[in-house]
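Work through these short exercises with the sequence and the structure at hand. Try each task before reading its solution.

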Amino acid sequence: MTEKTIGIIGGGQLGLMIAQQAHGLGVRSVALDPAPDAPAFRETDDRIVAAFDDAAALERLCRRCDAVTYEFENVPGDILVPLCERYNIPQGFRPLYDSQDRLREKVNAREHGLKTPAFAPVHDEASLREAVRRIGLPAVLKTRTLGYDGHGQMVLRSERDVRKALPMLSVPCILEQFVRFDFEASVITVSDGERAVCFPVGRNIHRDGILDLCVVPADMSDGLHRRMADESRRFMRECGYRGILAIEYFVKDDEVYFNEMAPRPHNSGHYTIEGCSTNQFRELVRFLAGMPLEEPRLTAPTVMKNILGQDLAAAETVAGEAHEGVYVHIYGKTESRPKRKMGHITMVGTDLSRYEKEWAGRFVR
Ligand code: AMP
């Protein structure tokens, strides 16, 4: 069998972990990224250092690879669409298009049968006031594009907040009902168009809008777990998406609300590398390389702790110690900053109370 080569648009930590799993499956990889020291380049067989809007470089990547994927959401359509017509980019542009604008994303989710918080597009004071009247307070105002990790959003609790939010309306926004959820959870699905496999649902705990912990299994009934997995698979099928899709949900009692989605491996799925019988990166590579997908199974309760810049030194100390079932990943980014994702630690055989007792004190609170 000739060796397959996959291409990755983006060379961050997700690209790095895709390339690591590709190697384990005997698949070669090439990444494209503007930064010569991008983390993925440590692991890929080849690299293209070029801007994401360098059409000739992207074309070079596609020509060199049997299949191409992307590891971030904001790949522009005017670049990707012409490439999708000529090369094998099996996830296509559609799931990116559907997720690049929060309004389009929620309309699409609702049209395909997922429940969302109430929402309305807003673009000026009058439309904001009308949306507040209809949805009520508290509510969350978000920019429609380019928001991430809590950037570009504001919780409105009072008339004063509404006035304070007016400058945000220099760009199109969406106002959403504030959901008093019990917890947040994400479902990662990989589909080859025929078969879809779903990873065990994790509970996501954020701090300052950034994922801090992912705790698996999420504390919920088997019925709810099954329903979330079934709904995610059905949603993917009905949207005609293939490849990988992560959906973030809010869980409130027995209700599940769609929050957002990403057609790429997801931070909340990093625990799958050691916590499951197969992982999100490996199944994505299997899909890209045309191999049959494998159904994942949780091997033990697992906690994933994100390592931001402020916790890097503590993580490096943990890496130098011997702890059974504890796996430290440092992404090798050359510049460390507070709030920048520098690595993660997966603790297999640990639940939230053990994490709180044995580990939480070692990281910045
Ligand atoms: P997002 O960028 O949409 O994932 O939002 C970042 C975080 O803000 C989420 O993980 C939630 O913790 C919180 N959040 C976002 N939207 C809502 C909402 N409609 N109701 C309550 N909390 C929200």
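## Exercise 1: Domains

Taken over C-alpha atoms, the centres of domain 1 and domain 2 are 35 Å apart. The model is a predicted one.

**Task.** Which residue ranges does the domain assignment give for the protein chain?

**Solution.** Go along the chain. Domain 1 covers 5–89. Domain 2 covers 118–177. Domain 3 covers 183–362.

## Exercise 2: The largest nonpolar core

**Task.** Find where the largest nonpolar core lies, and which residues touch the most other members.

**Solution.**
1. Start with the members. The core has 35 residues; I6, I18, V27, V190, Y271 and V285 touch the most other members.
2. Turn to the elements. At least two residues each come from β1 (5–9), α1 (13–24), β9 (183–191), β12 (210–216), β13 (243–252) and α10 (280–288).
3. Now place the core. Domain 1 (5–89) and domain 3 (183–362) both contribute residues, so the core lies between them.
4. Zoom in on I18. Beyond its neighbours within four places in sequence, I18 contacts I6, I8, T69, P265, F281, L284 and V285.
5. Look for another core. One of 23 residues lies apart from the largest; F183, M220, M228 and F235 are among its members.

## Exercise 3: A four-stranded sheet

**Task.** What is the strand order of the open sheet, and which strands stand at its edges?

**Solution.**
1. Read the order: β5-β8-β6-β7, with antiparallel pairing.
2. Check the ends. β5 (119–122) and β7 (153–156) each have a single partner strand, so one side of each has no neighbour in the sheet.
3. Add the twist. From one strand to the next, it averages 20°.
4. Follow one pair. Four bridges join β5 to β8 (residues 173–177) in the antiparallel sense. V122 has C173 in β8 as its bridge partner.
5. Add the helices. α5 (residues 102–111) lies across β5, β6 (139–143), β7 and β8, at about 150° to β5. α6 (residues 125–135) also packs on the sheet and touches β5, β6, β7 and β8. The direction of α6 makes about 170° with that of β5.

## Exercise 4: Two sides of a helix

**Task.** Sort residues of helix α3 (residues 77–86): which are buried, and which are exposed?

**Solution.**
1. List the buried residues: G77, I79, L80 and L83.
2. Place them around the axis. Their arc is only 155°, which puts them on the same side of α3.
3. Turn to the other side of α3. There D78, E85 and R86 are exposed.
4. Find the cover. β1, α2 (55–64), β4 (67–70) and α4 (94–99) are among the elements that cover the buried residues of α3.

Definitions and conventions:
Residues are numbered from 1 along each chain as its sequence is written. This is a predicted model: local features need pLDDT of at least 70, side-chain atom pairs count only at pLDDT 80 or more; totals for chains, interfaces and linings use all residues. Side-chain values use heavy atoms; hydrogens and water are left out. A nonpolar core is a set of buried Ala, Val, Leu, Ile, Met, Phe, Trp, Tyr and Cys residues joined through side-chain atoms within 4.5 Å. Buried means under 20% relative accessible area, exposed over 50%, partly exposed in between (1.4 Å probe, protein chains only). Domain bounds come from an automatic or database domain assignment. Contact means heavy atoms within 4.5 Å. Two strands pair if DSSP finds at least two bridges between them. Axes are lines fitted to C-alpha atoms, for helices over the stretch in contact, and angles run from 0 to 180 degrees between N-to-C directions. The arc is that of the directions from the helix axis to the C-beta atoms.
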